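Open the model in your viewer and keep the sequence panel beside it. Each stop below says what to select and what is there.

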Amino acid sequence: LTTAATAMALTVTAQAAFASCEDGEIVVKFAHVTNTDRHPKGIAASLFQERVNEEMNGTMCVEVFPNSTLYNDDQVLEAMLQGDVQMAAPSLSKFEPFTKVFQVFDLPFLFPNIEAVDAFQQGPTGQEMLDSMQRRGLQGLSFWHNGLKQMSANVPLILPTDAAGLKFRVQPSDVIVAQMEAIDVSPQPMAFSEVYGALQQGVVDGQENTWSNVFGQKFFEVQDGTTETNHGVLDYLVVTSVDFLDSLDPAVRDQMMTILTEVTDERNAAVGQVDAEARQAVLDNGGVIRELTDEQRQAWVDAMRPVWAQFADGIGQDVIDAAMAAGS
Ligand code: LMR
């Protein structure tokens, strides 16, 4: 019954979404997992939809499915290869099964700020990464920013020892698993849509995510507090399948890509503001935020930084060096 009800809900959503597409238009289903308001990815995906549907009316029609209504991140790339969805923007951590080079983004305390992330992505190494999964059928189109990650739990976190023995939800990434094990946390890979319930029911004690996700998913409501560690980055790759991109007439593809590039530039430039507003919204809604002294933060660096050594060979030291250079 539950499955039938879910299927029916999806059908209704799909019908509502498709209603705006006309016969003969190329339909681009864009599936993602966050909310649409006050969220860097949600805002960018909706702006892309709005612009394509206005400027390419009659030719192409984008249908955004937010909030994991169509797929979770662990399903969406397979669905894309099957041709069931044409675009998505999973976090960079979700590409590890396709290419180890993306693990660079999960190395703790590598990027000091989003400007360093941007410089690396726009540089030659980052741009090569867009094409790194072509043999597997996926084509990266653009990097979209979200921000730096914070740590929350059902107890106050000041030092890494405060987290020892707890269970934390993690994205399914070997680097993040190792990062958590380095502070004696038990990592529990789990889909984004399940995290709030798991925190609420005590299935896990804590999690790491950006301010827009801590606010957007209301994690702060079911946690003691969030500690401003800024220990890692959570960004996105807008991705499509090689087959879909190849199927487009060059003029159509170019127009779509021009819009995507303009949306990317506009929304990436605004991400600092969206991040700061989400942080403030956590406070305004009764959430607790704990800031660390330099000494306290250094204890997290000392505990987590050693995991780099486990992944350097797989990622490539040249890639790590390029990422570090972008932040210096
Ligand atoms: C997560 O799984 O925590 C994030 O990747 C969700 C998102 O897309 O921001």
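Two strands count as paired if DSSP finds at least two bridges between them. Keep that in mind for the first stop, and note that this is a predicted model.

**Stop 1: a strand, a helix and a strand**

Select residues 26–31, strand β1, together with residues 60–65, strand β2. These two strands run parallel and are joined by 6 bridges. To see one of the bridges, pick V28 in β1 and its partner V62 in β2. Now add residues 40–55, which form helix α2. Together β1, α2 and β2 make a β-α-β unit, and the unit is right-handed.

Next, add residues 87–88, strand β3. This strand also pairs with β1 in the parallel sense, over 2 bridges. Here A31 stands opposite A88.

**Stop 2: both sides of β2**

Keep β2 selected and show its side chains. Which residues cover its two faces? On one side are M60, V62 and V64, and on the other are C61, E63 and F65; all of them are buried. A residue is called buried when 20 or more other C-beta atoms lie within 10 Å of its own. Because 6 of the 6 residues of β2 are buried, the strand is largely enclosed by the rest of the structure.

Follow the chain beyond β2 to N67, in the loop that leads to α3 (73–81). N67 is not a glycine, yet its phi is positive, at about 55°. It is partly exposed, because 17 other C-beta atoms lie within 10 Å.

**Stop 3: around the ligand**

Select V33, T34, K41, D73, S91, N146, Q171, F192, N209 and N213, the residues around the ligand. Colour them by type: this shell has 2 nonpolar, 6 polar and 2 charged residues.

From N146, move to V274. The two are 128 residues apart along the chain, but their C-alpha atoms are separated by 8.7 Å. V274 lies in helix α11. Is V274 buried or exposed? With 23 other C-beta atoms within 10 Å, V274 is buried. Apart from neighbours within four places in sequence, its contacts are R38, P40, I43 and S212.

**Stop 4: an open sheet**

Select the 6 strands in the order β7-β6-β8-β5-β9-β11; they form an open sheet with mixed pairing. What stands at the edges of the sheet? The edge strands are β7 (186–189) and β11, and each has a single partner strand, so one side of each is left without a neighbour in the sheet.

Inside this sheet, look at residues 150–153 (β5) and residues 225–227 (β9), which pair in the antiparallel sense over 3 bridges. One residue pair to label is S152 with its bridge partner T226 in β9.

Continue from β9 into the loop before β10 (233–241), where N230 lies. N230 has a phi near 45°, a positive value in a residue other than glycine. It counts as partly exposed because it has 19 C-beta neighbours inside 10 Å.

Then go to V288, in the loop between α11 (271–284) and β11 (289–290). V288 is partly exposed, with 14 other C-beta atoms within 10 Å. Leaving out neighbours within four places in sequence, V288 touches D224 and G225 by the contact criterion. For a distance to check in the viewer, take V288 and A163: they are 125 residues apart in sequence and 17 Å apart in space, C-alpha to C-alpha.

**Stop 5: a helix with a buried side**

Finish with residues 317–326, helix α14, and highlight its buried residues V319, A323 and A326. Turn the view so that you look down the axis of α14: the buried residues fall within an arc of 60°, so they line one face of the helix. An α-helix has 3.6 residues a turn, so residues three or four places apart point the same way.

What do the buried residues of α14 pack against? Their partners are α4 (114–122), α5 (124–130) and α13 (308–315). Now rotate to the face turned away from the buried side of α14, which carries the exposed residues Q317, D318 and D321.

Key. Residues numbered from 1 in each chain as written. Predicted model: local features only at pLDDT ≥ 70, side-chain atom pairs only at ≥ 80, totals over all residues. Near = placed C-beta within 6 Å. Nonpolar A, V, L, I, M, F, W, Y, C, P; charged D, E, K, R; others polar. Helix = DSSP H or I, 4+ residues; strand = E, 2+ residues; numbered from the N terminus. Buried ≥ 20, exposed ≤ 12 C-beta atoms within 10 Å, placed from the backbone. Contact = placed C-beta atoms within 7 Å. Arc of directions from axis to C-beta. Right-handed = clockwise from strand over helix to strand, strands pointing away.
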